[in-house]
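User: I'm new to looking at protein models and I'd like to zoom in on one part. Could you pick one long helix and walk me through what sits around it?

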Amino acid sequence: MTDQVIKSITDPAFLIALLVAIAVFATVFTVMPSFSGNQLKARMKSVALERDELRARQRARLAAEADRRRKGLREEQSLGMRKIVDRLDLKRALADENTINKLKVAGFRGQNPLTKFLFFRLVLPFVGFGLAGIYVLFLGGLAEQPPFMKLFVCILAAYAGFYAPNLYVSNRAGKRKQSIQTAWPDALDLMLICVESGMSIEAAIRRVADEIGSQSVALAEELILTNAELAYLQERKQAYDNLASRTGLESVKSVAQALVQAERYGTPVAQALRTLANESREMRMNAAEKKAAALPPKLTVPMILFFLPVLFAIILGPAGMQFSQSGF
């Protein structure tokens, strides 16, 4: 039987048939991709379609948010709030230029947000005092404390209610500034590319606003508003200054000043944008390195509290079990 198998394998006809089969398989394996089309071209086409779809969805979302904000600005203010604020003259007592700037940095524009802010600053102290009084007098809170301490708690709750709108606006402004600061270097790079390709500064700002919306909606809104101000304001410098004041960031202020100087003295805008983009990128890298350098001290206490006890239990646990089993 073995001799017959060896004879069949060493048969020249069998060897020729095997080589032909291998050649046919290699030919089919090589030629098949050409019949299936260009995979790279198909992949690039699918990526382009997906990118266009994402861009269309982002533009639709930005347009919906812009319409919602325009409708909110056009809506009439609450008559009750406005009458109370105007009758008590709260704008003179509680609002100043710094308050208005904080509201702008937080993304609140117009008279309606200012009216609501002043109204809540008036009402929330009474609400806080009333809730604290109900807790102390009717719910039995702080029963063992003297009356002076109870009154102090009620006054403290009223004080917290008075400053609660300020805390909300400051928190909102901080998150908005962080979003703009994170996306600003990328926006400068895109603006530099647009300017070097021959676009005007208005077209470049509009293009960057469309593209940067997926990364920072706040920055896209500010750029769209700046583009609109460049179209209708008499002085273009005012539009750049408004952008810097609304964002409250030094990096944006430096770019606004560079654009103003470039238009006033005729210096190349691309050169100024390139320099400022490099500086913004370095600042972002320095901030990341600073956070990374601060990690070891922050991780020391969690490691001592959570990792070391578990590590000691794993290392010394078997030895303790052996000692307990041996009777020591």
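Analyst: Sure, and keep in mind that this is a predicted model. Let's follow helix α8, which covers residues 147-196, and begin with its partner α7. The two helices are roughly antiparallel, because their axes cross at roughly 150° and anything over 145 degrees counts that way. Helix α7 takes in residues 111-137, and its axis comes within 7 Å of the axis of α8. If you look at how α7 passes α8, the crossing is right-handed. Sort the residues of that contact by class and you get 17 nonpolar, four polar and two charged.

Now turn to α9, made of residues 201-212. Here the axes come within 9 Å and cross at roughly 135°, so α8 is oblique to α9. This crossing is right-handed too. On the α8 side you'll find A183, D186, A187, L190, M191, C194 and V195, and they meet I201, A204, I205, R207, V208, E211 and I212 of α9. That contact splits into eleven nonpolar residues, three charged ones and no polar ones.

Helix α8 also has a part in a pocket, the second largest one, with about 230 Å³ of space. Both α8 and α13 (269-293) supply at least two residues each to its lining, but α13 gives the most, with six. Among the lining residues are Q178, Q181, T182, R284 and K291. By class, the lining of this pocket has three nonpolar, four polar and two charged residues.

Methods. Residues numbered from 1 in each chain as written. Predicted model: local features only at pLDDT ≥ 70, side-chain atom pairs only at ≥ 80, totals over all residues. Heavy atoms only, no water. Axes fitted to C-alpha atoms, helices over the stretch in contact; angles between N-to-C directions. Helix = DSSP H or I, 4+ residues; strand = E, 2+ residues; numbered from the N terminus. Parallel < 35°, antiparallel > 145°, perpendicular 65-115°, else oblique. Left-handed = near helix turned anticlockwise from the far one by under 90°. Nonpolar A, V, L, I, M, F, W, Y, C, P; charged D, E, K, R; others polar. Contact = heavy atoms within 4.5 Å. 1 Å grid on protein atoms, 1.4 Å probe; cavity = no way out; pocket = protein on both sides within 12 Å on 5 of 7 lines; lining within 4 Å. Points joined across faces, edges and corners; volume = space filled by probe spheres on them.
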